[in-house]
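Welcome! Take a moment to look over the protein shown here, and keep the 3D view open while you read. The notes that follow begin with one spot in the chain and then widen out.

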Amino acid sequence: SVVNNQLRRSRMPNPLADLEKREAFLSVPRLAILMTNRKAPAPIGVPVWFEWNGETVEMFAGVGTLKTKRLEQDPHASVLVTNHIDEPEAWVAFDGTIEVKPGGVDLVARLAEHYWDLNDPAYRKVLDGWLSAPEAFCLMTLTPTKIRSGG
């Protein structure tokens, strides 16, 4: 249609098309939205901390949470990472399957350090509590079959 053609012509250039820019974007602490499938009525998204290592997206969750139960039923998922409100529009999406397995407490510690100021006693107390119960966590690893980006 005419409208779709106009929209295609007026798109902004992809600010993260360059691999180096995309990697720099992903290295800054940002929340991601993990989107998993459920029976009805539609997929569901939840915010998560993440770590991109250049090959996989790693996240953690509590054992037996709804998100891990959904992933056991259907491992297909997307992880969407977006710009901060004061940045130019940009996003990266990872599509693929997620493997859920016991563990992940090392990731919990790394991500807490990445996302929180651990000099704050309240954050330190929460992290210490988490680290004292490593059996309560599972590692979620998304191996992307497709990486999309835009702005």
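Start with T56 in this predicted model: setting aside neighbours within four places in sequence, T56 is in contact with E51, T141, L142, T143 and P144. You can find T56 in the loop between β3 and β4. The bullets below pick up this residue and then move on to the sheet, the core and the chain as a whole.

**A loop residue: T56**

- T56 has a relative accessibility of 14%, so it counts as buried, the cut-off being under 20%.
- T56 and P144 are 88 residues apart in sequence, yet their C-alpha atoms are 6.6 Å apart in space.

**The sheet**

- Seven strands form an open sheet in the order β2-β1-β5-β6-β7-β4-β3, and the pairing is antiparallel.
- Strands β2 (44-48) and β3 (51-52) stand at the edges with a single partner strand each, so each of them has one side without a neighbour in the sheet.
- As background, strands of a sheet pair through backbone hydrogen bonds, in either a parallel or an antiparallel way.
- Strand β1 (residues 32-36) pairs with strand β5 (residues 76-82) in the antiparallel sense, over five bridges. To see one of the partners, look for A32, which is matched with V81 in β5.
- Strand β5 is joined in turn to strand β6 (residues 91-102) by seven bridges, and these two run antiparallel. Across this pairing, V79 stands opposite F94 in β6, and L80 stands opposite A93 in β6.
- Twelve bridges join β6 to β7, again running antiparallel. Here E99 stands opposite T141 in β7.

**A buried charged residue: D95**

- D95 is found in strand β6.
- With a relative accessible area of 14%, D95 is buried, because buried means under 20%.
- Leaving aside neighbours within four places in sequence, D95 touches A77, S78, L142, T143, P144, T145, K146 and R148.
- D95 and H76 are 19 residues apart along the chain, and their C-alpha atoms are separated by 7.7 Å.

**The nonpolar core**

- Which residues touch the most other members of the largest nonpolar core? They are F50, M59, V79 and F94, out of 34 residues in that core.
- At least two residues of this core come from each of α2 (19-27), β1, β4 (57-62), β5, β6, α4 (105-115) and β7 (137-150).
- F94 is a good residue to click on: beyond the residues up to four places away in sequence, its contacts are L26, W52, V57, A77, S78, V79, V81, L142, P144, K146 and I147.
- In soluble globular proteins, nonpolar side chains tend to be buried together.

**The chain as a whole**

- The protein chain has five helices and seven strands. Reading from the N terminus, these elements run α-α-β-β-β-β-α-β-β-α-α-β.
- Along its principal axes, the C-alpha trace spans about 60 × 40 × 25 Å.
- Of the 151 residues in the protein chain, 33% are buried.
- Looking at contacts between residues at least 6 apart in sequence, 69% join residues at least 24 apart.
- The protein chain exposes about 9,300 Å², and carbon and sulfur atoms supply 55% of that area.
- There are 17 positive and 19 negative side chains, and the centres of the two sets lie 10 Å apart.

Note on methods. Residues are numbered from 1 along each chain as its sequence is written. This is a predicted model: local features need pLDDT of at least 70, side-chain atom pairs count only at pLDDT 80 or more; totals for chains, interfaces and linings use all residues. Side-chain values use heavy atoms; hydrogens and water are left out. Helices (H or I, at least four residues) and strands (E, at least two) are DSSP runs, numbered from the N terminus. Buried means under 20% relative accessible area, exposed over 50%, partly exposed in between (1.4 Å probe, protein chains only). Contact means heavy atoms within 4.5 Å. Accessible areas come from the Shrake-Rupley method with a 1.4 Å probe; for residues, only the protein chains shown count as cover. Lys and Arg count as positive and Asp and Glu as negative; His and the chain ends are not counted. The place of a charge is taken as NZ of Lys, CZ of Arg, CG of Asp or CD of Glu. Two strands pair if DSSP finds at least two bridges between them. A nonpolar core is a set of buried Ala, Val, Leu, Ile, Met, Phe, Trp, Tyr and Cys residues joined through side-chain atoms within 4.5 Å.
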